[in-house]
Amino acid sequence: MGDRDFLNINALRDGKHDWVEANERMANVLSQKGYHYQFVFARNAVHVDRAVREQTLPEALEWVWRGYRPNF
């Protein structure tokens with residue numbers, strides 16, 4: 001999640017178009033429900049920011065696939 005993710009200065013200010021707030025709310029709900037999740041917040045990053053992706057993707061993939069055992 002970047003603080004400029006889908007930044008649109010013309011977006012409605014109706015509480016439904018703030019991606020940062022929406023992702024923070026989702027993280028809060030996942031936490032309250034006891035789900036294992038990972039929330040990474042990057043300052044001055046846009047949607048699919050290359051520098052952020054390169055820095056966080058390897059660890060994120062390891063986290064997603066942790067404990068996986070292929071059935072051969």
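What is the volume of the largest pocket? About 520 Å³. This is a predicted model, so local features are read only where pLDDT is at least 70. Keep that in mind at each stop.

**Stop 1: the whole chain**

Start with a cartoon view of the protein chain. Two elements types are on show: 2 helices and 2 strands. Trace the chain from the N terminus, and the order reads β-α-β-α. Now colour by relative accessible area. Of the 72 residues in the protein chain, 11% are buried.

**Stop 2: the largest pocket**

Select M1, G2, V40, V52 and T56. Among the 23 residues that line the largest pocket, these lie nearest its centre. Next, show the elements around them. Two or more lining residues come from each of α1 (19-32), β2 (42-46) and α2. Highlight α2, residues 50-64. Helix α2 gives the largest share of the lining, with 6 residues. Then colour the lining by residue class. You should find 14 nonpolar residues, 5 polar and 4 charged.

**Stop 3: strand β1**

Stay with G2, one of the residues nearest the pocket centre. G2 belongs to strand β1, which covers residues 2-4. Is G2 buried or exposed? G2 is buried, because its relative accessible area of 5% falls under the 20% cut-off. Add V20 to the selection and draw a C-alpha to C-alpha distance. The two residues are 18 apart in sequence and 7.4 Å apart in space.

Step along to D3, also in strand β1. D3 has a relative accessible area of 27%, which makes it partly exposed. Select A45 as its partner for a second distance. D3 and A45 are separated by 42 residues in sequence, yet by 5.9 Å in space, C-alpha to C-alpha.

**Stop 4: N44 in strand β2**

Now select N44, which sits in strand β2. Check its backbone torsions. Most residues other than glycine have a negative phi. N44 is not a glycine, but its phi is positive, at about 60°. Its relative accessible area is 56%, so N44 counts as exposed.

**Stop 5: the salt bridges**

How many salt bridges does a search of the whole structure find? It finds 2. Side chains of opposite charge can pair when their charged atoms come close.

Zoom to R25 and E21 for one of them. Their side chains meet in a salt bridge, with 2.5 Å from N to O. Both residues are in helix α1, 4 residues apart, so about one helical turn separates them. E21 is partly exposed, at 28% relative accessibility.

Move to helix α2 and select E54 and R50. Here the side chains form a salt bridge with an N to O distance of 2.9 Å. E54 and R50 are 4 residues apart in helix α2, so the separation is again about one helical turn. R50 is exposed, with a relative accessible area of 58%.

**Stop 6: the nonpolar surface patch**

Switch to a surface view and select L57, L61, V64, W65 and Y68. Together they form a nonpolar patch on the surface. Their combined accessible area is about 540 Å². Pick out W65 within the patch. Where is W65 found? W65 lies in the segment after α2. W65 is exposed, because its relative accessible area of 53% is over the 50% cut-off.

**Last view**

Bring back the pocket lining, and leave α2 highlighted. Helix α2 supplies 6 residues to that lining. The E54 and R50 salt bridge also belongs to helix α2. The patch residue W65 is in the segment that follows α2. Finish by returning to G2, which is buried at 5% relative accessible area and lies in strand β1.

Conventions. Residues are numbered from 1 along each chain as its sequence is written. This is a predicted model: local features need pLDDT of at least 70, side-chain atom pairs count only at pLDDT 80 or more; totals for chains, interfaces and linings use all residues. Side-chain values use heavy atoms; hydrogens and water are left out. Patches are made of residues with over 30% relative accessible area and no salt bridge: like charges are joined within 9 Å, nonpolar side chains (Val, Leu, Ile, Met, Phe, Trp, Tyr) within 5 Å. Accessible areas come from the Shrake-Rupley method with a 1.4 Å probe; for residues, only the protein chains shown count as cover. A salt bridge is a side-chain nitrogen of Lys or Arg within 4 Å of a carboxyl oxygen of Asp or Glu. Buried means under 20% relative accessible area, exposed over 50%, partly exposed in between (1.4 Å probe, protein chains only). On a 1 Å grid over the protein atoms alone, a cavity is a set of points where a 1.4 Å probe fits but cannot get out, and a pocket is an open set with protein on both sides within 12 Å along at least five of seven lines; lining residues have an atom within 4 Å of a point. Grid points are joined across faces, edges and corners, and a volume is the space filled by probe spheres set on the points. Ala, Val, Leu, Ile, Met, Phe, Trp, Tyr, Cys and Pro count as nonpolar, Asp, Glu, Lys and Arg as charged, and the others, Gly among them, as polar.
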